Amino acid sequence: MASQVRTARGFIDYSLDKRATLLNLFKGVVDACDADPYLMRAAKYHGEKAGRNCPVCKKDRLVEIRYIFGDQLGQFSGRIKTPEELIELEKEFGEFAVYIVEVCRDCSWNHLCTSFLLGDGRVRKPPRRQRTLEDEDFSGNLGS
Ligand SMILES: [Zn+2]
């Protein structure tokens, strides 16, 4: 695949830490009660095929979701991005974290796979807040 990010660093492989749950990851970001439907919805609309079978139900419905977090991202912190978008973002921001979560769209298995840092190392101020399509998507009730 030609789309490769260039600045990846600080990898953490969570495969040895079965207790690293999504609830820990999203503490303060997503309400615990909403984590599951939120995640399944994200998997449906934003999941990228993982190319391997689910470790639980063995079906080929495993997808990966890439979340980005970081102070420099401003309003974009906590958003879901595609691998292609990450290539653009690493040029636009100094540093942010990427968390890759795998979700099975069949049995709802979910697991934090890995995290790493991206960015060109130049510190910038967070971007000005602006309304985006994603805002409407997530809040659903912005006035007209
Ligand atoms: Zn499964």
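**Reading the sheet and core of a predicted model**

Tutor: Let us begin with one residue, Val63, which has its place in strand S3. Please keep in mind throughout that this is a predicted model.

Student: How many helices and strands are there in the protein, and what pattern do they follow along the sequence?

Tutor: The protein contains 4 helices and 5 strands. Along the sequence they give the pattern β-α-α-β-β-α-β-β-α.

Student: In what order do the strands stand in the sheet?

Tutor: First the general idea: the strands of a sheet pair through backbone hydrogen bonds, and the pairing is either parallel or antiparallel. In this structure, 5 strands make an open sheet with antiparallel pairing, in the order S1-S5-S4-S3-S2. Strand S1 (9-13) and strand S2 (48-49) are at the edges; each has a single partner strand, so one side of each lacks a neighbour in the sheet.

Student: Over how many bridges do S1 and S5 pair, and S2 and S3?

Tutor: S1 pairs with S5 over 3 bridges, in the antiparallel sense. Within S5, Thr114 is the bridge partner of Asp13. At S2, the antiparallel pairing with S3 has 2 bridges, and Lys49 has Val63 as its bridge partner in S3.

Student: What do S4 and S5 form together?

Tutor: S4 and S5 form a hairpin, with 5 residues between the two strands. Ser108, in the turn, has a positive phi of about 70 degrees. The two strands pair over 8 bridges in the antiparallel sense; Asn110 in S5 is the bridge partner of Val103.

Student: Let us return to Val63. Is Val63 buried or exposed, or something in between?

Tutor: The reading rests on a count of neighbours: 20 or more other C-beta atoms within 10 Å make a residue buried, and 12 or fewer make it exposed. Val63 has 19 C-beta neighbours inside 10 Å, and therefore counts as partly exposed.

Student: Which residues does Val63 touch, beyond those up to four places away in sequence?

Tutor: With that restriction, Val63 touches Ala43, Gly47, Glu48, Lys49, Ala50, Val103 and Arg105. Ala50 shows how sequence and space may be read together: Val63 and Ala50 are 13 residues apart in sequence, while their C-alpha atoms are 4.7 Å apart.

Student: What share of contacts in the protein join residues at least 24 apart?

Tutor: Among contacts between residues at least 6 apart in sequence, the share is 61%.

Student: Which residues of the largest nonpolar core touch the most other members?

Tutor: This core has 16 residues, and those that touch the most other members are Ile65, Ile68, Phe96, Val101 and Val103. Strand S3 (62-69), strand S4 (96-104) and strand S5 (110-118) each supply at least two of the core residues. S4 gives the largest share, with 5 residues. In the protein as a whole, buried residues make up 17% of the 144 residues.

Student: Where is confidence lowest, and where is it highest?

Tutor: The average pLDDT of the protein is 80, and 74% of the residues score at least 70. Confidence is lowest in helix H4 (residues 133-139), with a mean of 55, and highest in S2, at 96.

Student: How many contacts beyond four places in sequence does the model have for residues 28-34, and for residues 139-144?

Tutor: For residues 28-34, where pLDDT stays under 50, the model has 4 such contacts. For residues 139-144, where pLDDT also stays under 50, the model has 2.

Definitions and conventions
Residues numbered from 1 in each chain as written. Predicted model: local features only at pLDDT ≥ 70, side-chain atom pairs only at ≥ 80, totals over all residues. Core = buried A, V, L, I, M, F, W, Y, C linked by C-beta atoms within 7 Å. Contact = placed C-beta atoms within 7 Å. Pairing = 2+ DSSP bridges. pLDDT = per-residue confidence, 0-100.
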